[in-house]
Amino acid sequence: MNPYILTILLFGLGLGTTITFASSHWLLAWMGLEINTLAILPLMAQHHHPRAVEATTKYFLTQATAAAMLLFASTTNAWLTGQWDITQMSHPISTAMITLALALKIGLAPTHSWLPEVLQGLDLITGLILSTWQKLAPFALFLQINPNNTTLLIILGLMSTLVGGWGGLNQTQLRKILAYSSIAHLGWMMLVLPFSPSLALLTLFMYITMTFSAFLTFKLNKATNVNALAISWAKTPVLTSLTPLILLSLGGLPPLTGFMPKWLILQELTKQELAPTATLAALTALLSLYFYLRLSYAMTLTMSPNNLIGSTPWRLPSTQPTLPLALATTATIILLPLTPVIVASLKF
């Protein structure tokens with residue numbers, strides 16, 4: 001892609017998200033979401049592969065549906081209450097519709113089925129943008145409306161953690177596994193959003209850090225399926241030994257960073273006298289942990305002389321910059337001891 005066009009598209013991505021961040025009027029927020037969507041579509045279809053074009057079409061239709069639903073819900077709210085302010089969502093019907101529209105935008109269950117299919121058709125860098133940056137603007141709207149329908153959010157959260165764990169069990173494609181991982185993590189954020197928005201925001205940042213390191217690891221190894229992971233030790237032995245820690249951190253296994261948000265969320269749910277909800281969420285986390293363990297096994301314990309369903313790649317030096325990967329990997333693995341400092345700074 002022409003670097004000038006790429007710069008314009010990345011600027012459009014940043015501009016759309018910033019407009020949504022700064023808006024207090026529903027029409028302005030909707031405009032920011034549309035700029036954001038239109039800016040990423042050429043990035044998704046840049047390789048002109050039929051699978052990428054199909055993924056781009058699915059993404060466009062899904063986002064257009066969510067945007068139309070959001071516009072309809074905000075218009076309904078203005079008709080019923082006489083104001084367009086995002087923070088003044090008082091009518092339960094409008095709030096429920098906007099919650100479902102934003103759930104469709106970010107891929108919460110039960111409106112999740114587009115996310116694995118779309119992510120599977122993209123290259124790893126565009127998939128990284130879709131899994132991280134594209135979640136920020138809808139999540140900012142979630143924080144601003146602060147929906148008072150706690151039951152709806154808890155149902156969406158529990159369904160997402162269950163679907164995210166269950167759906168990833170039988171997958172062999174890494175991008176689909178990361179898509180189901182995204183669904184599960186978003187479910188955890190929705191569970192705690194009505195009670196502690198700052199904790200939900202911390203969970204989002206931790207998820208972005210861990211997903212960033214996972215995507216960059218797979219990009220460095222040029223791995224798109226589980227079989228390709230098994231021969232990565234021949235190219236990057238040090239990174240191969242660290243990757244299981246990244247994956248287990250995504251699964252929330254102590255003493256890694258990913259345990260921090262889940263631990264704090266379970267603690268907050270227990271404080272709110274929602275022990276059954278916390279128990280169900282913890283049980284669904286075991287499903288996610290299982291397929292992360294499966295990836296770790298494929299990457300570190302499946303070695304020669306085992307017969308592998310994959311050809312040994314050429315050991316060419318990588319041109320990918322490794323500093324972002326090093327910083328993200330460090331944060332993914334060893335941030336847990338700083339939990340008291342983070343908790344104190346956010347003032348939960």
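**Close-up views of a predicted model**

Glu117 is partly exposed, with 28% relative accessible area, in a model that is predicted. The legends below take up its salt bridges, the network around them, the largest cavity, a contact of Thr17, and two annotated segments.

**Figure 1. Glu117 and Arg51 form a salt bridge between two helices.** The closest N and O atoms of Arg51 and Glu117 lie 3.5 Å apart. Arg51 belongs to helix H3 and Glu117 to helix H5 (residues 114-120), so this pair ties together parts of the chain separated by 66 residues in sequence. Arg51 has a relative accessible area of 23% and is partly exposed. Side chains of opposite charge can pair when their charged atoms come close.

**Figure 2. Lys176 forms a salt bridge with Glu117.** Here the closest N and O atoms are 3.4 Å apart. The contact links distant parts of the chain, since Lys176 lies in helix H9 (residues 174-192) and Glu117 in helix H5, 59 residues apart. Lys176 is buried, at 17% relative accessible area, whereas Glu117 is partly exposed, at 28%.

**Figure 3. Arg51 and Glu54 pair within helix H3.** The side chains of these residues meet in a salt bridge with an N to O distance of 3.9 Å. Both residues are in helix H3, and their spacing of 3 residues corresponds to about one turn of the helix. Glu54 counts as partly exposed, with a relative accessibility of 36%; Arg51 is likewise partly exposed, at 23%.

**Figure 4. Five residues are joined in a network of salt bridges.** The linked residues are Arg51, Glu54, Lys58, Glu117 and Lys176. Arg51 takes part through its salt bridges with Glu54 and with Glu117, and Glu117 also pairs with Lys176. The count of salt bridges comes to 4.

**Figure 5. The largest cavity encloses about 100 Å³ of space.** A search of the whole structure finds 3 cavities of 30 Å³ or more. The lining of the largest cavity consists of Leu33, Asn36, Thr37, Tyr59, Gln63, Lys105, Trp114, Leu130, Gln134, Lys135, Ala137 and Pro138. Helix H2 (26-44), helix H3 (50-81) and helix H7 (136-145) are the elements that give two or more residues to this lining. Helix H2 provides the largest share, 3 residues. By class, the lining of the largest cavity holds 6 nonpolar, 4 polar and 2 charged residues.

**Figure 6. The side chains of Thr17 and Asn36 make a polar contact.** The distance between the two side chains in this contact is 3.2 Å. Thr17 is in helix H1 (residues 3-22) and is buried, with a relative accessible area of 0%. Asn36 is also one of the residues that line the largest cavity.

**Figure 7. Two segments annotated as "transmembrane region" contain helix and no strand.** The annotation comes from an unreviewed UniProt entry, which places this feature at several stretches, including residues 92-110 and 151-170. Over residues 92-110 the chain is 79% helix and 0% strand, with the end C-alpha atoms 20 Å apart. Over residues 151-170 the chain is 85% helix and 0% strand, and the end C-alpha atoms are 30 Å apart.

Key:
Residues are numbered from 1 along each chain as its sequence is written. This is a predicted model: local features need pLDDT of at least 70, side-chain atom pairs count only at pLDDT 80 or more; totals for chains, interfaces and linings use all residues. Side-chain values use heavy atoms; hydrogens and water are left out. On a 1 Å grid over the protein atoms alone, a cavity is a set of points where a 1.4 Å probe fits but cannot get out, and a pocket is an open set with protein on both sides within 12 Å along at least five of seven lines; lining residues have an atom within 4 Å of a point. Grid points are joined across faces, edges and corners, and a volume is the space filled by probe spheres set on the points. Helices (H or I, at least four residues) and strands (E, at least two) are DSSP runs, numbered from the N terminus. Ala, Val, Leu, Ile, Met, Phe, Trp, Tyr, Cys and Pro count as nonpolar, Asp, Glu, Lys and Arg as charged, and the others, Gly among them, as polar. Buried means under 20% relative accessible area, exposed over 50%, partly exposed in between (1.4 Å probe, protein chains only). UniProt positions are given in the numbering used here, feature names are shortened, and annotations may be inferred rather than shown by experiment. A polar contact is a pair of N or O atoms within 3.5 Å; within protein, one must be able to donate a hydrogen and the other to accept it, and residues adjacent in sequence count only if both atoms are side-chain atoms.
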